[in-house]
Amino acid sequence: MRLYYGYLHLRQQLKDILWPSQLSIINLSIINKMEIENLYSSIACNRHPTCLDYSENFGIIYGANHAVAYFKFDHLTGCKGLRTFVKHTSKVLTLKWIKSCKEPIFVSGSNDKTVIVWCILDSAAVTHVLKGHDGPVIAIDATTINNAIIIASSSADNTLRLWKSNCDTLKFVCFQTVFLPNQFCFAIKLFRFPVSNQVLMLFSEGEQLQLWAQSINQFSKVLNIVGHEDWIRCIDVIDIENNIMILTGSQDNYARVWKLHLKNHEMSEVPPQSIQMEEQIVAINDNDKQDITFSLSLESVIFGHEGWVYSAQFFKNRKIGIMTCSIDKSIIIWYQGNDGIWVDEHKIGEMGGDYLGFLGAKISSNGNTIVAHGFQGSIHIWTINDENGDIIRELTPTGHFGGVNDIAWAPGGEFLFSVSTDQTTRIHAPFDSGYTKEWHELARIQIHGYDLTSIAVLSPYVIATGAEEKVVRILKTTQHFISTLKALCGLDLSTSNDDMSIKSFSKHASVPSLGLSSKVFLESLEDANTVEPDTFHIPFEEDLIQNTLWPETHKLYGHGYEICSLATSTGGKLLASSSRSASPEHSKIIIWDTISTKELQRLSGHSLTVTDLKFSPDNAYLLSTSRDRSWCIFKATGSLLKPFEFEAKGDKNISPHTRIIWSCAWTFDSKIFATTSRDGTIATWIKTDDINNDLKGWKLMTSISLENESITAISFSHIFYKDKIGEYLLAVGLQNGKILIYNLSNILNHIITIEQNGGHHMAVKKLQWRPLINCSMLSSCGEDGFVRIYNVQIP
């Protein structure tokens, strides 16, 4: 009980003096008289086998780049309330709930060489950082005994460290270091030995398993267990009438079951004709300095997978069962028959598909819920019905497993596009869950072979994307997507225009083997609505990968280097593109006719890479920013042959920017534009009647500089601030992941900051306000892989 009351003491202290960075976004918003609600967060699980854990009482945690993502799941309401906690400075590699605690406490290990203990409160998390490792922390486990927490962590520095808490303050100290000079430790398991009530520790050392026992304040080696032929990746134990069953999974594709039991609790003698497994006899010295003799024997070797076994876990339903998970795309539920042989009863997972298998899985103690994560960051949940054995697939969060470089709304704000370094383009849309509108990934319309860098939306059903290649690709929607959008979201994008009617679209698309371009899968355009609306469901991971692609219709060639930025005019008739460049020749902006897909013009003005492009909402101007620390304005001519002409350039001699200008944005009425740069400067510019100045009438309206900050993104809202004409609402994204919201009148006034826990913990790449009347919904994306949507409620 001392541990529990110590936790309550810390909880009260936190309420009295709460870290500002740990406050929820809603609480911060109330302080600033503006409410910001996080409507949607999309992020994948980190690519590490032990980067997800599940507790029936507390919920699901998983590594989300440097952050820890946390949400609760139950059979009635599904997955609710994704929250993120940021404290690590590098990628999270391993997580573990301390299930013996009464409060939600978990432990994490990271590439930043630290172990962190997290105590989750209503709106924040208390953290204790444990330092000592000299390499990434790759495995972790924890348990409680005698009102204290014991943590074991292993690292790539070839050590295993043991930590213990002080009950009153929950402060941890390292009380033992185990050196492993020859191998890495990928799996650890701490558990109580029921006979002596002392803690035993199992951990892997390469393909061998070591058993250590606690004696007073130290652990000592008891036994070396040999059997597997490759690295052991997972360990679990279960207590059956004072007999400890040990389960291990390995890269040799096998799982093994071992039995640890007292000699005086052995079963009756086996007849001489029977075959017996070899036993190892070992004595453990308990805390009373008495030797306890026990034996260890191999009970079973389980083979059913064709790939590495990353997870293996016991559970107890009607009887003892085992769950194993493998990279071969399968999860198997095993039960032991009367003859002692483990038989597979359920095999879960997709047998086919264009994706790799599972990296890890957890099962509830009663065997009714399975949570798994895949090689590409996907999260899967299945529930098993006790009565009939039916397996039900549950809806889970999805997200990019690489940095998100760009986002863009459909012209009417119906849904949001995102492109990422994970080489995918995705659509996020709201659907009716029966209770309220919820956002979810609705389609994965492009799976590319290069990292994607930019996107431009020509219409709700046609987009252009740029990647780490010299080509701009045009993609067109499918009948299947339009029907899905109508059935699930209540949005009808079909039109009477013959060129854009639903029958003009292909039904499906697919990516050929060894190909980069998605092609039309079914040429026939008859019977457009062959799938009844009531058969549609929010797509699961395998549906997103295989059934939601858009076919590529055109390739635009013209740039000499990788595409950097794309922009489209209002109405989608013109497309502007830029590429990486180190010379004026390759820094030219290309203007394309989106109907004929022909190049119309090349605009000169910059000498280095053009970082951002924006058409004014009235299509009167094209604005560009560059690594050469300048911005350029091009004015529309009204000619189809040469749509734009150079008007003005703001270089370092005129503008307040002294470093790279990363982004730019227009107000919704096209009267003002803003530029932001690496030196932390925000500058706003307005058109005047003084056309004889150096900027042809454009002049600096106001500017501010954020000390020691780098500004990477900016966007203006589509409404006036508090309905005051001439006052604008804008969002600014920083290199450190924070999002600042300002109102602009004659000066810039800071209103509120969205901190890292509710925003991003790496550079914000793009910000986009939803283009709807009377809507103040903000979307953001960042290098951390997050796509977020906020509802900004202005009082």
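**A guided tour of strands and cores**

Begin by selecting β10 together with strand β11 (residues 148-155): the two run antiparallel and are joined by 8 bridges. The model on display is predicted. Within this pair, pick isoleucine 140, whose bridge partner in β11 is serine 153. Next, display the connection between the strands, for β10 and β11 make a hairpin with 2 residues between them. Asparagine 146, in the turn, has a positive phi of about 55°. Then colour strand β10 (residues 137-145) by accessibility: 9 of its 9 residues are buried, so the strand is mostly covered under a cut-off of 20% relative accessible area.

Move now to the open sheet of 4 strands, ordered β27-β28-β29-β30 with antiparallel pairing. β27 (358-363) and β30 (391-394) are its edges; each has a single partner strand, so one side of each lacks a neighbour in the sheet. On average, neighbouring strands of this sheet are turned by 25° against each other, direction ignored. Inside the sheet, select strand β28 (residues 369-374), which is antiparallel to β29 and joined to it by 5 bridges. Here isoleucine 370 stands opposite tryptophan 382 in β29.

The next selection is the largest nonpolar core, which has 29 residues; Ile60, Tyr62 and Phe106 touch the most other members. Strands that each supply at least two residues of this core include β3 (59-64), β8 (114-120) and β29 (379-384). The most comes from β4, with 5 residues. To finish, select Ala408, Phe431, Ile463 and Leu488, which are among the 25 residues of another core lying apart from the largest one.

Terms used:
Residues are numbered from 1 along each chain as its sequence is written. This is a predicted model: local features need pLDDT of at least 70, side-chain atom pairs count only at pLDDT 80 or more; totals for chains, interfaces and linings use all residues. Side-chain values use heavy atoms; hydrogens and water are left out. A nonpolar core is a set of buried Ala, Val, Leu, Ile, Met, Phe, Trp, Tyr and Cys residues joined through side-chain atoms within 4.5 Å. Buried means under 20% relative accessible area, exposed over 50%, partly exposed in between (1.4 Å probe, protein chains only). Two strands pair if DSSP finds at least two bridges between them. Axes are lines fitted to C-alpha atoms, for helices over the stretch in contact, and angles run from 0 to 180 degrees between N-to-C directions.
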